[in-house]
Amino acid sequence: MRALVLFLLFLTVSTQEKSTCFQDPSQPWCSDADLFYDTEAVLDDINSVCTHAPWLSGCSIKRSCEDGRMNGNFCLRWSLLSDLCSAQVKEDVKGLAGCSNYTKLCQRNDTAVRQCKDPNLQHVPGLISSQQSLESVSALCKEMPDMQGCSQCSAATFASCPDPLGTLSRLCLSMMMADCKPWSEMCAESQGGLTAFCGEDSEGECSGVMQMYFHFGFNDYILFKRWVPCSVPRYTWSCLAIILMGVMDILLKVAKLRLEISFALSEAAGRESSEAEESTSSELLEMTTSLRRNVREMEDVHLLPQSYRELRQNMCRGALAGMTLALDYSLMFIAMTFNVGLFTSVCLGIGFGHVLFGHHFKLNKDASKTLQRACCS
């Protein structure tokens, strides 16, 4: 009987000590919050906050965890509570009773509560507040009101935009623009933990933007999703690669021109040899030049190749034309990024190509007329 009384007395004193942790969480017996702030109480506080303010970013994450679209540490109850109530997230939670316990325990520098310090239980790194998400959504939809997702936020208020973070994620995943920068930084810091909001391949990725006006910067997509410079060295190498593409474009056009000249000379030589097998080399050269001036006679041209030789020549023409077209359109798409440095690199590449190979386009008057169709089409 005496032992039972002593046990009950110890339990009473221990409970009173634990209850004082909300007043002074620096006490050593407050290290494990599960003893006085159990799982059910934490979940009750989370649900209370999201019932009164469902637009909060932490509530968006909570719904994604419940729907099975997210898992891992960011779905743990203490991490969710931190998303909602941590001062670092900068959410406006004043007056919300659900955050009072977390504030008492974790908003002090001298807290002894383990859950407040455990890195696996902290809020999402770089989490965007609901207000910041709402402002970004408003800016994006003002620029492009027809984007899918803008209909879910008809006005810049939480009443008309109940899930700002989710809407911002859908907009930025569909089209990256300048106002997506906070979202992009959040996805990079989360290191793949926010797949429901950042996509499957967001881990450590440097995201690009789309700005439909001339601008400076390193965060533009260059032809491919993963070609985003993001830093001065990578941007410099990208510009050099684009200049080289411009030079190669001119070189391919020169190759196409020389190929047509070769075909014309070969055809002229073949015709001459069939008409006068005993002609001297000087006579052959004179006749070849004469025939080259008159290759434009179109009445002899048929719709489809009539020999293996013509087919082989057309295959060479097609290969060069395809490569030239691919480079031309690639350079055009790069110029359409409206990035001043990339646009200048395109111009420099084309210009430098003409500096190196421009003399190949110099033709005499007759040859110019003969090969105009082949060279310039």
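**Reasoning from values to labels**

User: Why is cysteine 316 called partly exposed?
Analyst: This is a predicted model, and in it cysteine 316 has a relative accessible area of 34%. Buried means under 20% and exposed means over 50%. The value of 34% falls in between, so cysteine 316 is called partly exposed.

User: What makes cysteine 347 partly exposed?
Analyst: The same cut-offs apply, under 20% for buried and over 50% for exposed. Cysteine 347 has a relative accessible area of 42%, so partly exposed is the right label.

User: How do you know that cysteine 141 and cysteine 150 form a disulfide?
Analyst: Look at the two sulfur atoms: they are 2.1 Å apart. The rule asks for sulfur atoms within 2.5 Å, so the pair qualifies. The torsion about their S-S bond is about -95 degrees, so this disulfide is left-handed.

User: And why are these two cysteines called buried?
Analyst: The cut-off for buried is under 20%. Cysteine 141 has a relative accessible area of 13%, and cysteine 150 has 6% relative accessibility. Each value is under 20%, so each residue counts as buried.

User: What makes cysteine 106 and cysteine 116 a disulfide, and which parts do they tie together?
Analyst: Their sulfur atoms are 1.8 Å apart, and the limit is 2.5 Å, so they count as a disulfide. Cysteine 106 lies in helix α5 and cysteine 116 in the loop between α5 and α6, so the bond ties together parts 10 residues apart in sequence. Both cysteine 106 and cysteine 116 are buried, and both are touched by tryptophan 78.

User: How many disulfides does this rule give in total?
Analyst: The count comes to eight. Among them is the bond from cysteine 187 to cysteine 198, with an S to S distance of 2.0 Å.

User: Why is serine 26 called partly exposed, and where is it?
Analyst: Serine 26 has a relative accessible area of 28%, which is between the cut-offs of 20% and 50%, so it is partly exposed. You can find serine 26 in the loop between α1 and α2.

User: What makes the pairing of serine 26 with aspartate 24 a polar contact?
Analyst: The side chains of serine 26 and aspartate 24 come to 2.5 Å. A polar contact needs N or O atoms within 3.5 Å, one able to donate a hydrogen and the other to accept it, so this pair fits.

Definitions and conventions
Residues are numbered from 1 along each chain as its sequence is written. This is a predicted model: local features need pLDDT of at least 70, side-chain atom pairs count only at pLDDT 80 or more; totals for chains, interfaces and linings use all residues. Side-chain values use heavy atoms; hydrogens and water are left out. Contact means heavy atoms within 4.5 Å. Helices (H or I, at least four residues) and strands (E, at least two) are DSSP runs, numbered from the N terminus. Buried means under 20% relative accessible area, exposed over 50%, partly exposed in between (1.4 Å probe, protein chains only). Lists of a residue's contacts leave out its neighbours within four places in sequence.
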